[in-house]
Amino acid sequence: MKVTMNVNGSERAGDVEPRVLLVDYLRTNLRLTGTHIGCDTSSCGACTVLVDGEPVKSCTILAVQAVGRNITTVEGLAQGANLSPIQVGFHEEHGLQCGFCTPGMMLVGASLLERNPNPSEDEIRWAISGNICRCTGYMNIVKAIQHAASARAAAAAEKPGVPVTAGAAGGGE
Amino acid sequence: MATQVHMHGRIGEPIKRKEDARFIRGKGNYLDDIELPNMLHMAILRSPHAHALIKSVDTAAAGAMPGVVAVVTGELMAQHKLAWMPTLSYDTQAVLATDKVRFQGQEVAAVIAETKYQAEDARDAIVVEYEVLPAVTSPQQAKESGAALIRDDKENQKDNHIYHWEAGNQETTQAAFARADKVVRLHTFYPRCHPAPLETCGCIADVNGATGKATIYMTSQAPHAIRTVFALVTGLPEQNIRVISPDIGGGFGNKVPVYPGYVVATAASLLIGRPVKWVEDRNENLISTGFARDFHMTGDLALDKDGKMLALRVHLDSDNGAFFADAQPSKFKAGLFHIVTGSYDIPTAHVTADGYYTNKAPGGVAYRCSFRVTEASYLIERLVTNAAIELGIDQAELRMKNFIKPEQFPYHSATGWEYDSGDYPKAMNVALDQLGYDELRKDVEERRKRGEVTGIGVASFTEVVGAGHGADFDILGLRMFDSAELRVHPTGKAILRMGTKSQGQGHETTFAQIVTEELGIPAADVAVEEGDTDTAPYGLGTYASRSTPVAGAATAMVARKLRDKGRKIAAHLLEAAEEDLEWENGRFFVKGSPDKAKTIQEIAFAAYTNVPEGMEAGLEGVHYYDPPNMTYPFGTYAVVVDVDKGTGQVKVRRVVAVDDCGVRINPMIVEGQIHGGLAEGYGIAFMQLITFDADGNCIGSNFMDYLLPTAWETPRFELGETVTPSPHHPLGAKGVGESPTVGSPAAYVNAVIDALSPYGVTNIDMPVTSDKVWTALRAAGVNE
């Protein structure tokens, strides 16, 4: 089947079997391998991408279900050489170790900050509770998202009126 | 005027990680991200039964399916003498089953096809006829007379017993028990769990038909050892085997063993002449690859009336699954379990262990621990808390009374270990202060008067890591040294290559910092490479917290070698005598004339442009480090829990973790590791369980049944530290990655048992789930 969708700001067209999962389409057909596969049962969140700005586990939907949607993967977070606040937060706060859950965690974090720019620790923990990390014990992931929230707030204070995104480029507003 | 260099990244600086740059951009290069031209995909058919004879395997329909290139059976592997392979514990393991299947999930056949989807379709079309046999699912069943014989493939195997092993002294231990005032017994089962790194295991085998070179990309924590094992098993010349471990998405011991899939994929690539990728799915990972624990333990602790420990007696039955494939390099059958006297000065001890075959997955990996030290630490720490409760002595006080004293180091334990250094009372005091223990104890009493169920658990673990000195530790004869090769370029930048392999531990940063400390090159200027056996020096890999104790030591030693050469070059450049030079902050200067100096960067340039007469050019070297002893990290963890009487739910209110891992190279990375281990310890204590029904069906075969902690239930951690350097490590470092997984399960469970002790509850086996707690409370008549 012919599929077209907007991936990280570009229109991408392809031809897939109807049964192909979105995660396999992104990884195999588009070679966007930053989206990882961890469990196949929608339990771990390593495959999380944003569909129209909302976190979706891309092993849970078919590529054909994403036709016409705006997809953001980890590769779409940075604007050229400029890292998004969420990426900076994960680096500064040591929010990653093996890096396998990191793309999904960052996308969920970025999406959370779009909806709720100043989340409490409990709100952050609840937001990322669909994503499993085996390395960090989550302490520094929480701090990384808080770091990104502060950076967004500081940027907003510096340039009032200019919208600051957490990096969910291509996501629906 | 001599140049001043800012040596950013010295030991003790929490510098940010260098490896982050690619991971936060989604540009990591994990196994499944690698796509080779013309690559095929493999899917493995696994046994649905725990124990069954194979009557027939029909591959005709599968072979005719679209995209299928080959179907591999045990029979085909047997023709190439590859149906069986050796394990790391000197047993054999089936690669593809030929005679019968011995656990649910065992590899039976494999399909190689153009795409992953096609391979999986055809796999489902293979027809296997089984004759189901009774399944043995515990050591207790395995030793019953008349139990089904699992390993009938082994000529002299008449029952399901694998080994008997002992440590310590039976006679003196018995005598001490005879004069004890009090004997406290704990029988506990440390259940089977699985490391479950977020990335599963896999490989891509690429055998070049023209050159005969086999390049195998593999999720391996020990690529060099794997290469040698492959050479020995397949007969391929070792220079024609290149194992590459790319970025690894967590290991925790799961990625140490050789799995059948690796062997089948390599054989298939050899036969077909195209690259073959195999990546297991989560179900396959949980049901077939290296499990952990599964120890049934009974401990007896003898004490005098004042609570002084006199002797320890332990017996364990080990459930090893269908093949004895414990991934451990020691000469001791039960790994390092005989560290079970822990942090205590126990004059005599006797440990006995028996291993049994069962119809369960093989493995016995060191899941974020040093070869069974986790089970040992759990047993002694649970036993001490139970002893304190029985004797009516505070559990912290009983520990203090019996700790090995700082002046007793190096300490020779009753079971044969030589502890390098420690200050256990100090770590305990820091933990108790940080927790506010005395106040909390009073608070617990107040709450209990109000009917609340609440308690405090303490655990003071001692680890034994850094395997190991070659006399006691080897993998199939390969001594457990590790290595570092350091090459400084003319511009003063460097590349460090090591025999280890990071799986998230931050080696690219930590080991660069050791070069910074020893040679003055900023960490940002030191590239660290691991995992490619064609380029890295030989090493035994990363597990058992051995990278910093062993390869970290090798890095310090090779940097010092280069510094020694640098001194000669500096003397030449400064026209001074070598002995008149002093080293400081990345430069040599003439004593008394600090302005007369040469930086390491100037020395590096001279090494290629202006060496003294007769000196070999270049600035590079390699060091193989065989540690003189293990290192012994330790600490005290304290946990506060509240139990809901109505539901049995346990809420962890506080976790204080004081770790002493010797000198900390990058404190940020150390703390990150401790956080992660405390979370895994929480999972093991309360959630993570691999179990089996009577037919040997694995319960816990996916992430909906095998529960891992999320951010929501994982407690907040409060860390503290003491620093007692290792006297034999060149930097005083001890290793830390596993301390929290080793130390914390007992602390969590001790807190629950302390909370339930007013109701006479003395034990709940892990995982301590709400239903078990609720049942225990109900049995004590206290449910609301």
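**Notebook: chain B, from helix H16 outward**

I began with helix H16 (residues 600-609) of chain B, where eight of the 10 residues are buried, so the helix is largely enclosed by the rest of the structure. I note at the outset that the model is predicted.

**Entry 1: helix H16.** I listed the buried residues of H16(B) as B:Ile600, B:Gln601, B:Glu602, B:Ile603, B:Ala604, B:Phe605, B:Ala606 and B:Ala607. I then asked what covers the buried residues of H16(B). The cover includes three strands of chain B, S23 (482-488), S27 (587-590) and S28 (593-599), together with helix H14 (507-519) and helix H15 (547-574).

**Entry 2: the chain as a whole.** I counted 19 helices and 34 strands in chain B. I found that 60% of its 784 residues count as buried. I compared its radius of gyration with that of a compact globule: for 784 residues the expected value is near 28 Å, and chain B has 28 Å, which agrees. Along the principal axes, I recorded that the C-alpha atoms of chain B fill a box of roughly 85 × 75 × 50 Å. I also looked at contacts between residues at least 6 apart in sequence, and 79% of these in chain B join residues at least 24 apart.

**Entry 3: domains.** I noted the division of chain B into domain 1 (20-27 + 481-625), domain 2 (34-133 + 200-248 + 255-288) and domain 3 (371-464 + 630-779). Taken over C-alpha atoms, the centres of domain 1 and domain 3 of chain B are separated by 39 Å. I found that their contact takes 15 residues from domain 1 of chain B and 15 residues from domain 3 of chain B. On the domain 1 side, H14 and H15 of chain B each supply at least two residues. Which element gives the most to this side? I found that H15(B) does, with six residues. By class, I recorded six nonpolar, eight polar and one charged residues on the domain 1 side.

**Entry 4: a sheet.** I traced an open sheet of seven strands in chain B, with the order S3-S7-S1-S14-S11-S12-S13 and mixed pairing. Its edge strands are S3 and S13 (241-244) of chain B, each pairing on one side only. I noted an average twist of 20 degrees from one strand to the next.

I next examined strand S7 (residues 107-113) of chain B: seven of its seven residues are buried, so the strand is largely enclosed by the rest of the structure. Strand S1 (residues 40-46) of chain B pairs with S7(B) in the antiparallel sense over six bridges, and here I saw B:Ile44 opposite B:Ala110. Strand S3 (residues 68-73) of chain B also runs antiparallel to S7(B), joined by five bridges, with B:Val71 opposite B:Val111.

At the S13 edge, I found a parallel pairing of S13(B) with strand S12 (residues 214-218) of chain B over four bridges. In that pairing, B:Ala214 has B:Ile241 as its bridge partner.

I then looked for a helix on these strands. Helix H8 (residues 260-272) of chain B lies across S1, S3, S7, S11 (202-207), S12 and S14 (276-279) of chain B, and runs at about 25 degrees to S11(B).

**Entry 5: chain A.** I closed with the chain interface, where 40 residues of chain B are in contact with 42 residues of chain A. Helix H1 (20-23) and helix H17 (667-686) of chain B are the elements that give two or more residues to the chain B side. I noted that H17(B) gives the most, with six residues. The chain B side divides into 16 nonpolar, 13 polar and 11 charged residues.

Terms used:
Residues numbered from 1 in each chain as written. Chains lettered and ligands numbered in written order. Predicted model: local features only at pLDDT ≥ 70, side-chain atom pairs only at ≥ 80, totals over all residues. Buried ≥ 20, exposed ≤ 12 C-beta atoms within 10 Å, placed from the backbone. Pairing = 2+ DSSP bridges. Contact = placed C-beta atoms within 7 Å. Nonpolar A, V, L, I, M, F, W, Y, C, P; charged D, E, K, R; others polar. Domains from an automatic or database assignment. Rg over C-alpha atoms; globule rule 2.2 N^0.38 Å. Axes fitted to C-alpha atoms, helices over the stretch in contact; angles between N-to-C directions.
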